[in-house]
Amino acid sequence: MNKKKVRWRRLDSSAKLFPFVSNKKLSSVYRVSVVLKDKIKPELLQQALEEVLNKHSVFKVTMRRGFFWYYFEENMKKPKVQIESTYPCKYIEKRANKGYPFRVSYYERKINLEVFHSLTDANTSIKFLQEIVYEYIDLSKNRSLERRIHEDIISNNAEDSYLKNYDKEKKQKSHAHKAFNIKGRKLPFGAMGVIHEFIDISDLKKASKAAGATITEYMSAVLAYSIYLEKYKTQRGKKPIVIHIPVDLKKYYESNTILNFFLFVTIEIKIEKNQEYQFEDFLRIVLSEFDKKLTHAELEKAMTSAVKTGSNIVTRIAPMPLKKFISHISYFSTRKNITTTISNLGNIVVPEEYKKEIETFLFLLPADTIGNTKTSIVSYGEKLIFTFTSLLADNDIERRVYNFLKEKNIKIKTESNGVYESLS
């Protein structure tokens, strides 16, 4: 009897690094969630996951270790949905969840999809989660609808768009300077504080427009100003505040890949030693930085750096232990050039027949030992959800952002995972 040939694929250019540097302290696992109006029925969620997974081969994989690189191999096992029982964005153990580099969990009315970043980016993951949710709702309503919601992930196009689009003749991105790092007393090991700030999107759009900024630019300035007021007092003039912002390259290049295809732009705010800054100063600097950094030329430099780092002859032929050593040094050296991260997933649109079943969407980044505090944005309906994930025992920056927006007459309310309440 002939044995079925197992399909496999290489990791894309940005995904190669994550297996070498990830561990329990630095998970490289992000979370996208949906909150429904009714309590989750786990048996239907399990059925929905299995149905959708069979259509999307990019998720139907397990990671293997080769002699030179990690790679993905087809996974024929069935993943198991779990009840949420721990903090979000935890490291995904190889043997957990039948070897899948993602996990689906639920709690009360919420469904979570947590994904190891080597698999794909959040833009593809939110579409995969939506497919699961739509299937789940159809099953719960005992109905069958012909849907073609996301043609791009149904196509299972797994090309490496970095290799396809980068220009090897371009100069690489220049090295950044050391950045100010947010520090403070840590939460107990393994704990992570989560605060969701639900912001009225029409109020925020009005304030952003009046300031001549996009929402991402405006919130970057608000966050940087809050860090300056709460954490930067003894560091003036020593190191810049640097915000890392992932950019979806599908908006700039022709690509319908369902793998990672993003780059980071860095917004650098230099603080003069003997000068006091107001919010308007931060906004002016942020707008200037976006104008300089978010250009085709700068993105091409960053893409060239990402591809050449993983494709030079020394890196390619180095055995796995040496790659791991080199990757750790390179990654942690780079991370010291970052103060925090803002990732904006954008506005989530769902078909009319599912709107009444869905309350909101959430997006969380993993805080870690270097990036003690990170932020993420997702919009749905009339709300923009600005989420903090943090390993710090205080939530001073979070409160400062909240108070700033309130003072601007922007309607806002907060929810947390209860970590900070348990400390008081």
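**Exercise 1. Is Glu268 buried or exposed, and what is its relative accessible area?**

*Solution.* The model under study is a predicted one. Step one is the cut-off: a residue counts as buried under 20% relative accessible area and as exposed over 50%. Step two is the value: Glu268 has a relative accessible area of 16%, and therefore it is buried. Step three turns to a partner of Glu268, namely Lys270, with which its side chain meets in a salt bridge (3.9 Å, N to O). Lys270 has 52% relative accessibility and so counts as exposed.

**Exercise 2. Determine which parts of the chain the salt bridge of Glu93 and Lys24 ties together.**

*Solution.* The criterion comes first: a side-chain nitrogen of Lys or Arg must lie within 4 Å of a carboxyl oxygen of Asp or Glu. In the pair Glu93 and Lys24, the closest N and O atoms are 3.8 Å apart, and the two form a salt bridge. Next, the positions are located: Glu93 belongs to the loop between strand 5 and strand 6, and Lys24 to the loop between helix 1 (18-21) and strand 2, so the pair ties together parts that are 69 residues apart in sequence. Finally, accessibility is assigned. Glu93, at 37%, is partly exposed, whereas Lys24, at 65%, is exposed. By the same rule, the count for the model comes to 22 salt bridges.

**Exercise 3. Describe the salt bridge between Lys231 and Asp394 and its surroundings.**

*Solution.* The distance is taken first: the side chains of Lys231 and Asp394 meet at 2.9 Å, N to O. Lys231 is in helix 7 (residues 215-231), while Asp394 is in the loop between strand 14 (383-390) and helix 13 (396-407), so this contact ties together parts that are 163 residues apart in sequence. As to accessibility, both Lys231 and Asp394 are buried.

**Exercise 4. Work out how strand 7 is placed in its sheet.**

*Solution.* The sheet is open and has five strands in the order 5-6-7-2-12, with mixed pairing. Its edge strands are strand 5 (82-83) and strand 12 (358-364), each of which pairs on one side only. Reading the order, strand 7 stands between strand 6 and strand 2.

The two neighbours are then examined in turn. Strand 2 (residues 29-36) runs antiparallel to strand 7 (residues 110-116) and is joined to it by seven bridges; Val35 has Lys110 as its bridge partner in strand 7. Strand 6 (residues 102-107) is likewise antiparallel to strand 7, with six bridges joining them, and Tyr106 stands opposite Ile111. Strands 6 and 7 form a hairpin with two residues between them, and Glu108 in the turn has a positive phi of about 55 degrees.

The last step concerns cover. Seven of the seven residues of strand 7 are buried. On one side these are Lys110, Asn112, Glu114 and Phe116, and on the other Ile111, Leu113 and Val115.

**Exercise 5. Which residues form the nonpolar patch on the surface, and which gather in the patch of positive charge?**

*Solution.* The nonpolar patch consists of Leu322, Phe325, Ile326 and Ile329, which together have about 380 Å² of accessible area. One of them, Ile329, lies in helix 11 (residues 320-335). The positive patch gathers Lys178, Lys183, Lys238, Lys239, Lys273 and Lys336. Among them, Lys183 is found in the loop between helix 5 (161-165) and strand 8 (193-200), and Lys183 is exposed, with a relative accessible area of 61%.

Conventions
Residues are numbered from 1 along each chain as its sequence is written. This is a predicted model: local features need pLDDT of at least 70, side-chain atom pairs count only at pLDDT 80 or more; totals for chains, interfaces and linings use all residues. Side-chain values use heavy atoms; hydrogens and water are left out. Patches are made of residues with over 30% relative accessible area and no salt bridge: like charges are joined within 9 Å, nonpolar side chains (Val, Leu, Ile, Met, Phe, Trp, Tyr) within 5 Å. Accessible areas come from the Shrake-Rupley method with a 1.4 Å probe; for residues, only the protein chains shown count as cover. Helices (H or I, at least four residues) and strands (E, at least two) are DSSP runs, numbered from the N terminus. Lys and Arg count as positive and Asp and Glu as negative; His and the chain ends are not counted. The place of a charge is taken as NZ of Lys, CZ of Arg, CG of Asp or CD of Glu. Buried means under 20% relative accessible area, exposed over 50%, partly exposed in between (1.4 Å probe, protein chains only). Two strands pair if DSSP finds at least two bridges between them.
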